Amino acid sequence: MMKKKSIYRYMPVCIFSVLLVTIVYEIGYTYKLWILKDAIVPWGYVTNTAFAYGIFLVGTLWVFHFTFGRFWLYVVANLLLDAFYAFVFHRIEEKLGIADLVSVKHYHILLIMVGLSLILYPYQLWQERGWKSMDHGDRDDITVRISTPTWLTKREKAK
């Protein structure tokens, strides 16, 4: 449903976002900010793999696809989605017995998510500079030109 060009363009920021969310989950596990009770994979008690490598990655891709280049739209979309996660989805996880907050509140989760989104936008701007330099040919690579040997051109002249 999305063009390959958009996927290639926004995949680096999506992978970076997954890395950041994984680090946040690691910090949360270490400092007992929350407890994950149910996991899909054996190491899922540290990082919510279904969220980090699933819906968060795909959500980041779609948010950047629809809002990149319009910062305020990006901020509003992230605020709405992050508020939904912090105040609705996370409460559903608690009721289902998947996760419990220990020493943080739901608005802390919202602040963490908004902070991550404010890190991701400049990262994508940085990535865009790389894309533009590749499109304009402003590369610092070495161009090798192979000249034809003189004996070859003399032989061709003789024919």
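A helix, in this briefing, is a DSSP run of type H or I that is at least four residues long, and helices are numbered from the N terminus. By that definition, Tyr107 has its place in helix α4. The model described here is predicted. Its protein chain holds five helices and two strands, and the points below treat its overall layout, its salt bridges, its largest pocket and a nonpolar patch on its surface.

**Overall layout**

- Read along the sequence, the helices and strands of the protein chain follow the pattern α-β-α-α-β-α-α.
- The protein chain has 159 residues, and 34% of them count as buried.
- Contacts between residues at least 6 apart in sequence often span much of the chain: 68% of them join residues at least 24 apart.
- About 11100 Å² of the protein chain is exposed, and carbon and sulfur atoms supply 66% of this area.

**Salt bridges**

- The count of salt bridges comes to two.
- In one of them, the side chains of Glu128 and Arg9 meet, with an N to O distance of 2.7 Å.
- This pair links distant parts of the chain, since Glu128 belongs to helix α4 and Arg9 to helix α1 (residues 4–30), 119 residues apart.
- Glu128 counts as buried because its relative accessibility is 10%, which is under the 20% limit.
- Arg9, by contrast, has a relative accessibility of 29% and therefore counts as partly exposed.
- Another salt bridge joins Asp100 and Lys37, whose closest N and O atoms are 2.4 Å apart.
- Asp100 lies in strand β2 (residues 99–101) and Lys37 in the loop between β1 (34–36) and α2, so this salt bridge ties together parts that are 63 residues apart in sequence.
- Asp100 counts as partly exposed because its relative accessibility is 25%.
- Lys37 is also partly exposed, at 44% relative accessibility.

**The largest pocket and Asp82**

- The largest pocket has a volume of about 350 Å³.
- Its lining is made of 18 residues, and those nearest the centre of the pocket are Ile55, Phe56, Gly59, Leu81 and Asp82.
- Helices α2 (49–67), α3 and α4 each supply at least two residues of this lining.
- Asp82, one of the residues nearest the pocket centre, is found in helix α3.
- Asp82 counts as buried because its relative accessibility is 5%.
- When residues up to four places away in sequence are not counted, Asp82 touches Leu110, Met113, Val114 and Ser117.
- Asp82 and Ser117 are 35 residues apart along the chain, and their C-alpha atoms are separated by 9.3 Å.

**The nonpolar surface patch**

- Phe84, Phe87, Val88, Ile92, Leu96, Tyr107 and Leu111 make a nonpolar surface patch of about 700 Å².
- Helices α3 (71–96) and α4 (106–136) each supply at least two residues of the patch.
- The largest share of the patch comes from α3, which provides five residues.
- Tyr107, the residue named at the start, is in helix α4 and is one of the members of the patch.
- Tyr107 counts as partly exposed because its relative accessibility is 47%, and a residue needs over 30% relative accessible area to belong to a patch.

Note on methods:
Residues numbered from 1 in each chain as written. Predicted model: local features only at pLDDT ≥ 70, side-chain atom pairs only at ≥ 80, totals over all residues. Heavy atoms only, no water. Patch = residues over 30% accessible without salt bridge, like charges linked within 9 Å, V, L, I, M, F, W, Y side chains within 5 Å. Areas by Shrake-Rupley, 256 points an atom, 1.4 Å probe, with all protein chains shown as cover. Salt bridge = Lys/Arg side-chain N within 4 Å of Asp/Glu carboxyl O. Buried < 20%, exposed > 50% of the residue type's maximum accessible area, 1.4 Å probe, protein only. Contact = heavy atoms within 4.5 Å. 1 Å grid on protein atoms, 1.4 Å probe; cavity = no way out; pocket = protein on both sides within 12 Å on 5 of 7 lines; lining within 4 Å. Points joined across faces, edges and corners; volume = space filled by probe spheres on them.
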